[in-house]
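Student: I should like to go through the reasoning behind the terms applied to a structure. May we take them one at a time?

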Amino acid sequence: MSQIVLSGIRATSRLQLGNFLGAVINFVKFQQPGNTCMYFIADLHSLTTMESPEEIRGNLTEIVKDYIAAGLDPEQSIIYAQSSIPEISELCLYLSMIQQVGELERIPTFKEKIKKNPDNVNLGLLTYPVLMAADILGPKATLVPVGEDQVPNVELARSLARKFNNRFGETFILPEMMTEMIRVPGLDGKKMSKSDADNAIELSMTIPVIRERYLKFGVTDIERKLRSDPGDPYKRCQSVYPVHELVTVGEIEIRAIANACLKAEIGCVECKHQLVDNIAKVLEPFQAARVEIVDKNDFVREVLHEGGKKARALIIETVKEVREKIGIVIY
Ligand code: TRP
Ligand code: SF4
């Protein structure tokens, strides 16, 4: 079945290995004839934390370069900035009229954000999922690949679509969620996160730096105190084995590592070296492609311009339909 695949990423900083292995590799796989792939930079969403204008602008183009170097092809995927399409904000406003506040206050990501930053509980944080619903419902996406943490937000988009359709007639498509997005652990074993620089591996780091970080900070099986103690790669190894499963090619090689760990035939240092060798195999082609486009800012602008036009054409159709149904006329 052909799909309209859509996903966004906030323009908060450059991508890291977690985004790359957990998300972008999947995005690339959806680029197939018949699918419409829409991948955007959620620059409006990143305004909830109001970084400097230079940062917002800079991150946006750098992330587009990361996307392209990772294999997103502007000929095959629609790559755009959320803010290039004012109708998304318009749709967000319309959707907010059928969204109860209480439900938004109960969303876990909102609760976390206000706990983290109690001095800046702005309205944008509360309406964050409504804007996300506009991102998704505007182009009538059928499939939304997201990480675990975004599930309640996509659920909200589905519930808004249902509510609107019930009240105003069939308009929106209920998107399916794809949550097999992989949770990639950072060096401390917690989810690798852009906002937690200490646990992340940046895509721009050189292989020697990555090696040093894994050797120094990568948490393994803390119950494995001596080299002769058998380890538990599956349940206790925090930051190394789970990444082996993602980057080490071939079932046989992965099983060999797990077995060697279980039988204490491999030490964690050697295991980390092997991991970084395998990370290098996926990262080096990316880094080479990234160097190619590092100063092609005109090209990036062109990609965003063309992507914006294509995405806008799709979204405008939906917004026109919505205006009509709710009684808004543009004079
Ligand atoms: N909130 C998402 C995140 O933080 C980014 C995002 C914004 C998004 N709009 C979206 C993801 C629409 C999927 C669909 O990762
Ligand atoms: Fe983890 Fe490898 Fe050490 Fe086993 S040997 S605990 S898999 S780092």
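Tutor: The discussion below concerns a predicted model and takes ring pairs before the ligand.

Student: Why is the pair of Phe27 and Tyr39 called stacked?
Tutor: Their ring centres lie 4.5 Å apart, and a pair requires centres within 6.5 Å. Their planes stand at 10 degrees, and stacked applies to planes under 30 degrees apart, so the pair is stacked.

Student: What makes this pair a tie between parts of the chain?
Tutor: Phe27 belongs to helix 1 (residues 17–30) and Tyr39 to strand 2, so the pair joins parts that are 12 residues apart in sequence.

Student: How do you know whether Tyr39 is buried or exposed?
Tutor: Its relative accessible area is 0%; buried means under 20%, so Tyr39 is buried.

Student: Why is the pair of Tyr234 and Tyr241 called edge-to-face?
Tutor: The centres are 5.5 Å apart and the planes at 85 degrees. Planes over 60 degrees apart count as edge-to-face, so this pair is edge-to-face.

Student: Why does Tyr234 count as partly exposed?
Tutor: Tyr234 has 46% relative accessibility. Partly exposed lies between the limits of 20% and 50%, so the term applies to Tyr234. Tyr241, by contrast, is buried, at 4%.

Student: What makes the approach of Asp135 to ligand 1 a polar contact?
Tutor: An N or O atom in the side chain of Asp135 is 2.7 Å from a nitrogen atom of ligand 1. The limit for such a pair is 3.5 Å, so this is a polar contact.

Conventions: Residues are numbered from 1 along each chain as its sequence is written. Chains are lettered from A and ligands numbered from 1 in the order in which they are written. This is a predicted model: local features need pLDDT of at least 70, side-chain atom pairs count only at pLDDT 80 or more; totals for chains, interfaces and linings use all residues. Side-chain values use heavy atoms; hydrogens and water are left out. A polar contact is a pair of N or O atoms within 3.5 Å; within protein, one must be able to donate a hydrogen and the other to accept it, and residues adjacent in sequence count only if both atoms are side-chain atoms. Rings of Phe, Tyr and Trp (its six-membered ring) pair if their centres lie within 6.5 Å; planes under 30 degrees apart count as stacked, over 60 as edge-to-face and the rest as tilted. Helices (H or I, at least four residues) and strands (E, at least two) are DSSP runs, numbered from the N terminus. Buried means under 20% relative accessible area, exposed over 50%, partly exposed in between (1.4 Å probe, protein chains only).
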